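Me: Please take a close look at how neighbouring helices pack against each other in this model, and then at the charged pairs that link separate parts of the chain. I would be grateful for one connected explanation, with each term defined.

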Amino acid sequence: VRYGEMKLWASFLFVVLAACSLAPEMPGLPDRDQLPIGSNVDTAYENARARPDSAEANGELGIRVQQHRDLVNAEILYHRAFLLDPAAFRWLYYIGEAQASLDNYSAAVATLRHALTKNQDYVPARLRLAELFLRMGNFVEGKQLFEQLTKTKQGAAIAWYGLEIGRAHV
């Protein structure tokens, strides 16, 4: 019995250590001189610096930075916000949007798919995912998603346009 207990504890310890080593590392807060100039960025930066463990503060800084078209730093800040609040849908969605805008389509698809597990009905994320499928040449999956979206009130007009593009390539 004692050997079995030790074996069980050893297995538990292995799983805990493995999980700790797989946990994503928190990226550092970018230095202020790496970010765009602007009073709205200054205020958000000071807030994030004062509250480094706040998903809201880090995400808000990401939004302000993205408004100045600094998508690389915005993505970093959204990652910080997501790691601080992994249950929140919006940080994943913003990460996916930043990745897509940086032409990192495969990462954006993976991120948006993950985001949609938290909020499967968010039409803008579904539309963006369908668009990314077409950009990557995955016309079948893009067409299928656009077909689903034509049945929604919110995304129907854009979805019909995307569906026609998808049909042209299938």
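Reply: Helix 3 passes helix 4 in a left-handed crossing, a term used where the near helix is turned anticlockwise from the far one by less than a right angle, whereas a clockwise turn is called right-handed. The model is predicted, so local features need pLDDT of at least 70 and side-chain atom pairs count only at pLDDT 80 or more, while totals for chains, interfaces and linings use all residues. Residues are numbered from 1 along each chain as its sequence is written, and side-chain values use heavy atoms, with hydrogens and water left out.

Two packed helices are described by the angle between their axes and the distance between the axes. Axes here are lines fitted to C-alpha atoms, for helices over the stretch in contact, and angles run from 0 to 180 degrees between N-to-C directions. Helices themselves are DSSP runs (H or I, at least four residues), numbered from the N terminus.

Helix 4 covers residues 71–84, and its axis lies 8 Å from that of helix 3 at an angle of about 165 degrees. Helix 3 and helix 4 are therefore roughly antiparallel to each other, the word for angles over 145 degrees. In the contact (heavy atoms within 4.5 Å), the residues of helix 3 include A55, L61, I63 and V65, and those of helix 4 include L71, A74, L77 and L84. This contact divides into ten nonpolar, five polar and one charged residue. Ala, Val, Leu, Ile, Met, Phe, Trp, Tyr, Cys and Pro count as nonpolar, Asp, Glu, Lys and Arg as charged, and the others, Gly among them, as polar.

On its other partner, helix 2, helix 3 (residues 55–67) also has a packed neighbour: the two axes come within 8 Å and cross at roughly 160 degrees. Helix 2 and helix 3 are therefore roughly antiparallel to each other, and helix 2 passes helix 3 in a left-handed crossing. Among the residues that meet are V41, A44 and Y45 of helix 2, and A57, L61 and R64 of helix 3. By class, the contact of helix 2 with helix 3 has seven nonpolar, four polar and two charged residues.

The charged pairs come next. A salt bridge is a side-chain nitrogen of Lys or Arg within 4 Å of a carboxyl oxygen of Asp or Glu, and by this rule the count comes to nine. One of them joins R32 and D42, with N to O at 2.4 Å. R32 sits in the loop between helix 1 (2–22) and helix 2 (39–50), and D42 in helix 2, ten residues apart. R32 is partly exposed at 22% relative accessible area, and D42 is partly exposed at 37%; buried means under 20%, exposed over 50%, and partly exposed in between (1.4 Å probe, protein chains only).

A salt bridge also joins R128 and E97, at 3.1 Å from N to O. R128 belongs to helix 7 (residues 123–135) and E97 to helix 5 (residues 89–101), 31 residues apart. R128 is buried at 15%, and E97 is buried at 17%. E97, R128, E131 and R135 are linked in a network of salt bridges.

E141 and R113 form a further salt bridge, their closest N and O atoms being 2.4 Å apart. Because E141 lies in helix 8 (residues 139–149) and R113 in helix 6 (residues 105–118), the pair ties together parts 28 residues apart in sequence. E141 is partly exposed at 29%, as is R113 at 39%.

Methods:
Helices (H or I, at least four residues) and strands (E, at least two) are DSSP runs, numbered from the N terminus. Angles under 35 degrees count as roughly parallel, over 145 as roughly antiparallel, 65 to 115 as roughly perpendicular and the rest as oblique.
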